[in-house]
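Thanks for coming. I will go through two parts of one chain, a helix and then a sheet. Here is what we are looking at.

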2 protein chains.
Amino acid sequence: MNQFTEDGPNDISVVKFGGTSVKTIARIQHVAEIIEKIAEERKCIAVVSAMGDTTDYLVKLAKMASDSPDKRELDMLLSTGEQISIALLCMVLKDRGVKARSLTANQVGIFTEHVHTRARIVDIQSKRIFNWFEKFDVLVVAGFQGITDDGDITTLGRGGSDTTAVALAASVKAPECDIYTDVDGIYTTDPNKIPGARLLSRITSGEVLEMARLGAQVLHPRSVELAAQYNVKLRVRNTFKPEHKGTLIDTTSGGDMELFRAISGVAVDEDQCSVAIMDVPDQPGIAGKITQALADQNISMDMIMQSVHPTVGVNSMIFTVADADLEQTIKTLDAIKSQINAKEVLADPDCAKVSLVGQGLCGQPWIPALLFSTLGKNSINIKMIASSEMKITVVVSRLKAQTAAKLLHDAFELGTEKPATAKS
Amino acid sequence: MNQFTEDGPNDISVVKFGGTSVKTIARIQHVAEIIEKIAEERKCIAVVSAMGDTTDYLVKLAKMASDSPDKRELDMLLSTGEQISIALLCMVLKDRGVKARSLTANQVGIFTEHVHTRARIVDIQSKRIFNWFEKFDVLVVAGFQGITDDGDITTLGRGGSDTTAVALAASVKAPECDIYTDVDGIYTTDPNKIPGARLLSRITSGEVLEMARLGAQVLHPRSVELAAQYNVKLRVRNTFKPEHKGTLIDTTSGGDMELFRAISGVAVDEDQCSVAIMDVPDQPGIAGKITQALADQNISMDMIMQSVHPTVGVNSMIFTVADADLEQTIKTLDAIKSQINAKEVLADPDCAKVSLVGQGLCGQPWIPALLFSTLGKNSINIKMIASSEMKITVVVSRLKAQTAAKLLHDAFELGTEKPATAKS
């Protein structure tokens with residue numbers, strides 16, 4: 001993002017409202033009220049998503065039109081959802097006497113790479129934004145969408161509006177970016193599914209990133225990454241309780257010593273599948289071919305593992321992909337199967353990831369011990385295990401995922417202010 | 001339109017499909033079939049409207065958000081309707097193997113003046129179109145929308161997609177522009193309301209222009225004007241009977257001698273009001289002030305008449321406006337009433353225009369005679385009368401409008417191949 005260095009007012013407030021926050025005209029009125037209050041103190045960029053189920057409705061239309069809708073046209077279609085929201089919100093703001101202007105990604109100049117349905121932002125024309133702020137107090141920007149340098153409409157993929165908001169905050173050097181949503185903030189685990197889940201007043205960006213990647217759907221991982229990269233402080237808060245402070249995501253590297261907890265949360269992602277490529281020759285370059293073929297299809301792999309059968313000189317490679325990518329993954333691997341001399345490609349669609357996430361998880365052997373003994377005692381079978389500096393993930397059957405999460409949330413005492421430590 | 005002189009392929013087919021033609025995915029499939037056939041023979045520009053009632057739905061949303069929605073934001077909102085259509089149609093075309101690309105007005109470069117909700121096109125980047133045709137066979141263009149030179153989205157007003165199609169046809173010098181709709185073509189009068197209405201195989205642009213202005217809703221008058229100005233031959237035809245030729249609108253000045261008819265049709269516009277400004281001083285400049293005040297609000301007046309009361313030196317001015325403009329008209333006139341010393345402003349909202357239209361109407365005294373005697377015999381009260389070279393319009397009560405039209409259609413024998421002449 002080479003233009004993130006323009007100069008302009010440095011007290012701009014960047015706020016983002018998700019689909020449930022603008023689901024109806026009444027809710028849009030409520031959002032306008034929040035924005036009006038902010039605008040009394042400083043310039044404001046408000047990023048909005050499509051109203052309620054608009055995107056789902058448009059996707060349904062697309063699937064009626066085509067079994068596999070052309071991605072460029074899908075972006076052309078889906079970007080209308082946010083355009084509707086910004087226009088309506090701006091009408092309401094103007095009626096309240098706020099100097100507001102709605103802007104599409106094209107008008108702002110939110111440039112992305114030439115990829116459809118999941119483009120990444122490469123540049124934002126912050127100079128245009130500063131120019132508009134000479135005439136307007138609130139800029140209402142369509143989230144989720146972008147534009148290529150030759151004028152094609154792109155979209156940023158799932159949760160893309162968060163990314164738009166963070167990128168704008170970075171681009172105008174806003175001190176904080178407030179993500180208004182329909183929950184109170186970030187919890188130790190999903191409060192809708194696991195009783196005892198506790199609201200965190202602060203969390204590090206690393207932890208929330210792991211949780212987001214692992215299925216905690218409050219924030220899109222890319223937006224958290226971007227926030228960390230540009231030191232944008234994110235705050236997740238409830239549109240319907242604007243007086244509550246929500247959860248602050250601290251992007252300062254290292255984080256606050258006071259904040260230190262072994263485990264911050266348990267995340268569940270139920271829409272996972274595992275894919276195994278059996279009996280590949282143990283030769284250099286094979287893994288590269290496989291990952292490249294999938295990367296060409298823009299498929300993200302996770303929990304990549306490889307085991308060697310040294311006696312016969314063949315490998316097996318196993319990894320997880322999202323449900324939505326399974327079909328394309330199988331198709332892609334089948335196409336290169338003979339080229340890499342693989343024996344067969346197997347898929348297990350009954351996978352869910354359950355992950356323990358914590359900045360202080362590393363080097364604490366009591367944590368995996370408590371994790372595995374808890375699941376073992378309750379006869380929950382573990383299909384795969386992976387760990388990194390900040391998380392331990394186990395793959396279990398989808399039917400067992402919520403139970404496993406609940407058991408771990410209890411075992412690690414995450415519902416209390418002072419969770420379990422080695423001594424407990 | 002200064003760029004209407006670019007060079008490019010001269011056999012481009014320009015077709016336009018209205019909202020009813022793309023109301024459902026099934027209909028979009030059907031439209032794709034028509035376009036595919038055209039594209040087998042030549043390059044094609046397909047202009048589409050929003051699906052079915054999408055625009056009405058969006059207007060409803062806007063009215064829920066604001067009593068008088070900001071016009072810039074309304075254009076931002078309404079332009080999404082056409083964007084949805086072009087994306088879906090293009091998905092279907094691509095599935096059929098057609099090299100197609102959807103384009104917004106911004107992408108095409110359909111530049112308009114800086115007016116919202118009823119902008120006029122000032123320029124089209126035909127060079128961009130010719131460039132796209134090097135890679136694509138069909139360009140699916142969003143109708144109704146435009147862009148200002150500083151990137152604001154505008155809309156062209158009611159029936160604006162017709163205007164988009166004609167402007168594109170003029171810009172690429174297409175030999176013909178086919179307007180696909182849900183009727184067979186242009187009739188002598190509204191076939192849904194008056195039995196005996198007859199389909200015309202040809203009509204002059206002057207006649208259709210008068211009929212369009214007078215409420216025959218097949219074509220937007222601006223599109224006909226533009227077609228006449230750039231000698232674009234228009235053809236109105238039925239999407240659901242693509243094998244039928246419909247009605248050709250001959251824009252050649254003078255027209256075909258064989259085409260000569262005294263009267264081509266009867267048009268009805270039921271959404272009219274008359275407004276009278278009573279007792280204005282008989283001074284130069286007053287009419288100018290009134291018309292300028294209304295022009296500033298972009299309100300079109302029609303049937304402007306003035307009568308003088310010579311004894312007292314005061315005038316009355318009366319004219320008609322569309323229903324939708326009545327409120328704003330009254331407000332505007334009330335505001336300048338004291339400035340022009342007018343006594344009062346009166347409105348009659350129960351007005352409908354019934355018009356006889358025909359290229360051969362001029363200088364044939366039997367025509368007004370038959371018109372007035374027919375209405376008189378049937379006790380239909382005439383509120384206003386106006387005539388021009390190609391039409392005679394009477395204003396009657398809305399309740400009587402269809403009856404009047406039916407009586408005139410019969411009296412002038414428009415349902416027959418050889419309608420009434422002076423001898424009959």
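Before the packing, one term: two residues count as in contact if their C-beta atoms, placed from the backbone, lie within 7 Å. Keep in mind that this is a predicted model.

Start with helix α12 of chain B, residues 401-411. Of its 11 residues, 8 are buried, so the helix is largely enclosed by the rest of the structure. Which residues of α12(B) are buried? They are A401(B), A404(B), A405(B), K406(B), L407(B), L408(B), H409(B) and A411(B). And what do those buried residues pack against? Three strands of chain B, namely β15 (265-281), β18 (344-357) and β20 (391-396), together with helix α11 (366-377) of chain B. Just past the end of α12(B), E413(B) has a positive phi of about 50 degrees.

Now the sheet. This one is open, with 8 strands and mixed pairing, and the order in chain B reads β3-β6-β2-β1-β9-β13-β14-β12. At the edges sit β3 (100-103) and β12 (202-204) of chain B, each of which pairs on one side only. On average, neighbouring strands in this sheet are turned by 20 degrees against each other, ignoring direction.

Take one pair from it. Strand β2 of chain B, residues 44-48, runs parallel to strand β6 of chain B, residues 138-142, and the two are joined over 5 bridges. Within β6(B), V138(B) is the residue opposite C44(B).

Last, helix α6 of chain B, residues 160-171. This helix lies across β1 (13-17), β2, β6, β9 (176-181) and β13 (233-238) of chain B. Relative to β1(B), α6(B) runs at about 175 degrees.

How values were computed. Residues are numbered from 1 along each chain as its sequence is written. Chains are lettered from A and ligands numbered from 1 in the order in which they are written. This is a predicted model: local features need pLDDT of at least 70, side-chain atom pairs count only at pLDDT 80 or more; totals for chains, interfaces and linings use all residues. Two strands pair if DSSP finds at least two bridges between them. Helices (H or I, at least four residues) and strands (E, at least two) are DSSP runs, numbered from the N terminus. Axes are lines fitted to C-alpha atoms, for helices over the stretch in contact, and angles run from 0 to 180 degrees between N-to-C directions. A residue is buried if 20 or more other C-beta atoms lie within 10 Å of its own, exposed if 12 or fewer, and partly exposed in between; C-beta atoms are placed from the backbone.
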